[in-house]
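Here is a short report on one protein model. Read it alongside the sequence and the coordinates.

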Amino acid sequence: MRTDELKRLLSEMSLEEKIGQMIQIPGYFFEDGHLTGPALEMGLENDDLYLAGSLLSVIGAEKIVSLQKTFMEKQPHHIPMLFMADIINGYRTVYPIPLAQGCSFDPNLAERCASVAARESTASGLHVTFSPMADLVRDARWGRVMESTGEDAYLNGEMTAAMVRGYQGSDLAEKGRIASCLKHFAGYGAPDGGRDYNTVELSPRTLLDDYLPAYQRAVEAGTAMVMTSFNTLDRIPSSANKWLLQTILREQMGFEGVIISDWGALFELLNHGIAADLEEAARLSIQAGVDIDMSSPVYPKALKKLVDAGIVPVELIDLAAWRILELKNKLGLFENPCKDASAEAEQKVLLCPEHRQIAQEAAEKSFVLLKNDGDTLPLDLHASVACIGPYWDTNKLKGAWSIFAEDEDCATLKEVFEKLPFPSIQFAEGCAIADPGTFIVAFRETKEIDFPDPEKALAEAVKLARSADQVALALGEHRETTGEGASHGNLTLPECQLRLLKEVAAVNPNVTVVFFTGRPLDIRAVQQYAKAILVAWMPGTEGAKALARVLTGEVAPSGRLSMAFPYCVGQVPIHYNQMRTGRPFHGDYRKERFFSKYLDIPNEPLYPFGYGLTYTSFAYSPVTLDQTALRAGETLHASVRVTNTGKRAGTETVQLYIRDVAGSVTRPLRELKGFRKVALEPGASQEITFEITEDMLRFHDIHMNFTSEPGAFEVYIGPDSTTENKGTFTLQ
Ligand code: NOJ
C-alpha cells in the first residue's frame, strides 16, 4: 500500500479500531470463532475481539489462513492481523539454544539458523518472531541465560545483529522473511540474585556501556519490533519508563518500529506498585511509548476511557496505530494477508534435509570441549564402549523454548550410536534425569519423569562400565530446569547423576562426560572424575548426529564458552570483563587476607569466557603492532601467527581483547573487541590481523560522554579471555 493510502486508512479508522491495533490477544482465547472465558477478563467482548491487531502463539498455515479470513471480514476496514510467536531457536527444525549458538562464535551461522527458522515459521503463517534476546547474562542461576548468547556485549551484538538479518533479510515482504522482535528492553538479564522477574539494579554507566550495546546492534540491523522487559531499572518498570523507551531507544538508538510489552507486563505495573489501577497503568505505558499491550486488560479496558476523558491525547494513539499499520504494510499484508502461509510449503520446508543439515552444523560448532586428558576423546572406534546415563535414550534434546517442535523428530543418542562400528556398544540408564522431588513444570508437557529403581540402575551401569574399554556418560539437567521462570539456587548436577559418575569412575577411570544443560553449572565433581568433558548444551533436532560425529572425531569440537563456568554458585554473577578493584588478587586464595577475594574459593571461574579445546593444539606468536601510537581516523593493525602444533586438523577462535590502562572512571580488566575463526591443518599456520580504531575504545567517561581518552592501551590476542599474550600502544 502506498503511504498516502495507509494515511487515509488511519484517518478513516475509529478510535476503537485504532486502540484495537494496539491489543494483542493470545490465540487460546479464540475457540471456534468465539471468545472463551479468559478473553472476557481482558475486557474484550465478542465484537472487540475482531478489532485486535495481533494474535499470539497461533501456528499452522491452515489455521492462520482461516483466522485471517474471519478477522478481516469482521474488522471494519478489513485490516489483516499480525501473527506472532516465540521462534527462539528454530521452529520445527530446532537449533542449539542461543547460549550454545554464542559458543560457535560464528555470526554467519546464527544468521543462517535464523533464516531457516524464518522460512519454516512463515510457511506456517507467522509474521513476527519474539527473537532475538540480546540480554547480557552474568548469573547462571537465572534460568533464561539459555536464551542469551552470553556474557559479552560485543559477542552478543555480533550474534543478535546476525539473527535480525537472518530473520528479516532486506525486505520483510519477501517470501520466507519474518519480522524480528528484539527483547527484553532493557537489562532483564541482571535480576538480583538471579531470580527471574526480580529487581534490576544497574548503574547508568554499566547499563550504557555493558548492557545496551547488544540491543543497539540489533536496532542498527533493523529489527522491526522491540519488546519491553518485565523488570524495573532504577525502580521504574521498563513498560512505564519514558526515558528508556523514548530518550534511549527512540532518540539515541534511532528505533522507529513497534514497541510491544512483554506478556501481561502492563497489568504488572499494578504489582510493581507504580499504578493504582488499569487507567494509571494505561496512561504510564502509552506515555512511555508502548504501542502494543501483549495480553493484558490494560489497553483493552482503560485506553479509550483515558482518551475520552482528555487525559491521553489521541495523537499518541494515532502514532502507535500508525507504526503497527506500517509494519503490516512492510510485511506486505495488505496485498497478501496470509503472506507465506501454505500447507504445501509446510510440507516442503519443515524439517527438510537442508534445514536439518544446518541444525547439525550448528550443533557441532556449539559443543565445547572443556577437558581431554590423555586424548581420551575422540572415542576409540576399535574399543568397546559403555554408554551410560539418562541422556542416552531420550529424544528430549531441545531447549525449553522449542514449543512448536516435536520430540519425535529428534533421534536419540542411542539410535545414532548403535549404528557406529564399535566392536561392542552397550547402554545403561544408570539413574534418572533428575532427583526425586525436582520441581519441573514444562511449557507444554507435564509428563512425569521416569524414575528407575535407583540401586538396580546403578548396579547395571557399574557392571557395564567395569567390562568396557571406555565409558561415555551422558548426563545433564532436565531441559525444563532452565528457561523462563526456572531460576536455580544451586548449580550442581542432580545428586543421582553425581553418584553414578563417582561409582562408574571408580571401576573404569576412562570416562568421558557429555553433558546437556541450558546454563553453566558447577562441575567440579565432573572435573574431578572425568578424563574428558564435552558440553553439549541443548543441541536441538540434530544433536545426536552431531554428537556422534564430534565424539568419534569425524569433526573436531570448536565451540568456545560464551559464558564462564563458575567454580561454584558463590561466585556468581561472574564475568571476565570485571572492573578493576583497589585490591586485586592473584595467587593462592588460602594464603592472603585483605584483598578482593574469598577465603574458601578462588576468584577465577572453573572455565573462563572464550575457553574451549579441540583435538589438536595451537601456538601463538607474540602480538605485533604495526605502530605504537594511534590517532582518531587512523587504523592500527595487531597481528599474531597461529600454528596448528598437533596431529589433527582443527579450528581456532582467535580472540582480541583490549584493556584501557587508565581512564577517568574505572575501566574493565579487558574487553573483547574482535574474534576470528581459523581452520588449520596439522603444521599449518596463518597470520591473523585485527584492525583497531579509536571508536573501539570509547566508553562513557566521567561526564557521561561517550568518548575515548588518550593514554596507554594493552592489546591481548589469544585463545580465551585469560590470555597474557599482549602488546601495547597509546591513543594520542
Ligand atoms: C514472556 C517472555 O518473557 C517473552 O520472552 C516471550 O516472548 C513472551 N512471554 C511471549 O511468549
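The sections below cover confidence, charges, backbone geometry and contacts across the sequence.

## Model and confidence

The model is predicted. Its average pLDDT is 96. A score of at least 70 is reached by 98% of the residues.

Confidence varies by element. Strand β3, residues 34-35, has the lowest mean pLDDT of the elements, at 62. Strand β11, residues 258-260, has the highest, at 99.

## Salt bridges

How many salt bridges does the structure hold? The count is 48. One of them pairs R549 with E554. Their closest N and O atoms are 3.1 Å apart. The two partners differ in exposure class: R549 is partly exposed, with a relative accessible area of 25%, whereas E554 is exposed, at 57%. The cut-off for exposed is over 50%, so E554 qualifies. R549 lies between the limits of 20% and 50%, and therefore counts as partly exposed.

E671 takes part in a salt bridge with R667. Here the closest N and O atoms are 3.5 Å apart. Both E671 and R667 are buried. E671 also meets the side chain of K673 in a salt bridge, with an N to O distance of 3.9 Å. That value fits the definition, because the limit for a salt bridge is 4 Å. Is K673 buried or exposed? K673 counts as buried, because its relative accessibility is 19% and the cut-off is under 20%. E671 has 18% and is buried for the same reason. Elsewhere, K396, K398, D407 and R479 are joined into one network by salt bridges that share partners.

## A negative surface patch

Which residues gather in a patch of negative charge on the surface? They are D393, E415, E429 and D450. D393 sits in the loop between strand β14 (385-388) and helix α17 (413-417).

D393 has a relative accessible area of 56%. It is exposed, because that value is over 50%. Membership of a patch requires over 30% relative accessible area and no salt bridge, so the accessibility of D393 meets the first condition.

## Cis peptide bonds

The bond from S131 to P132 is a cis peptide, with omega near 5°. P132 belongs to the loop between β6 (128-129) and α8 (153-168).

A cis peptide bond also joins F185 to A186. Its omega is about 5°. A186 is in the loop between β7 (179-185) and α9 (204-220).

## Positive phi outside glycine

Where does Y197 lie? Y197 is in the loop between β7 and α9. This residue is not a glycine, yet its phi is positive, near 70°. Y197 is partly exposed, at 39% relative accessibility.

S295 also has a positive phi without being a glycine, at about 55°. S295 is located in the loop between β12 (293-294) and α13 (298-308). Its relative accessible area is 10%. S295 is therefore buried, given the cut-off of under 20%.

## Pairs apart in sequence

I64 is part of helix α5, residues 61-74. It is buried, with 0% relative accessibility. How far apart are I64 and C338 in sequence and in space, and what are the values? They are separated by 274 residues in sequence and by 7.3 Å in space, C-alpha to C-alpha.

H355 belongs to helix α16, residues 353-366. Its relative accessible area is 1%, so it falls in the buried class, under 20%. H355 and S115 are 240 residues apart in sequence. Their C-alpha atoms are 9.9 Å apart.

I274 occupies the loop between α11 (268-272) and α12 (278-288). It is partly exposed, with a relative accessible area of 28%. I274 and R235 are 39 residues apart in sequence. In space they are 9.5 Å apart, C-alpha to C-alpha.

How values were computed: Residues numbered from 1 in each chain as written. Predicted model: local features only at pLDDT ≥ 70, side-chain atom pairs only at ≥ 80, totals over all residues. Heavy atoms only, no water. Patch = residues over 30% accessible without salt bridge, like charges linked within 9 Å, V, L, I, M, F, W, Y side chains within 5 Å. Areas by Shrake-Rupley, 256 points an atom, 1.4 Å probe, with all protein chains shown as cover. Lys, Arg positive; Asp, Glu negative; His and termini not counted. Charge placed at Lys NZ, Arg CZ, Asp CG, Glu CD. Helix = DSSP H or I, 4+ residues; strand = E, 2+ residues; numbered from the N terminus. Buried < 20%, exposed > 50% of the residue type's maximum accessible area, 1.4 Å probe, protein only. pLDDT = per-residue confidence, 0-100.
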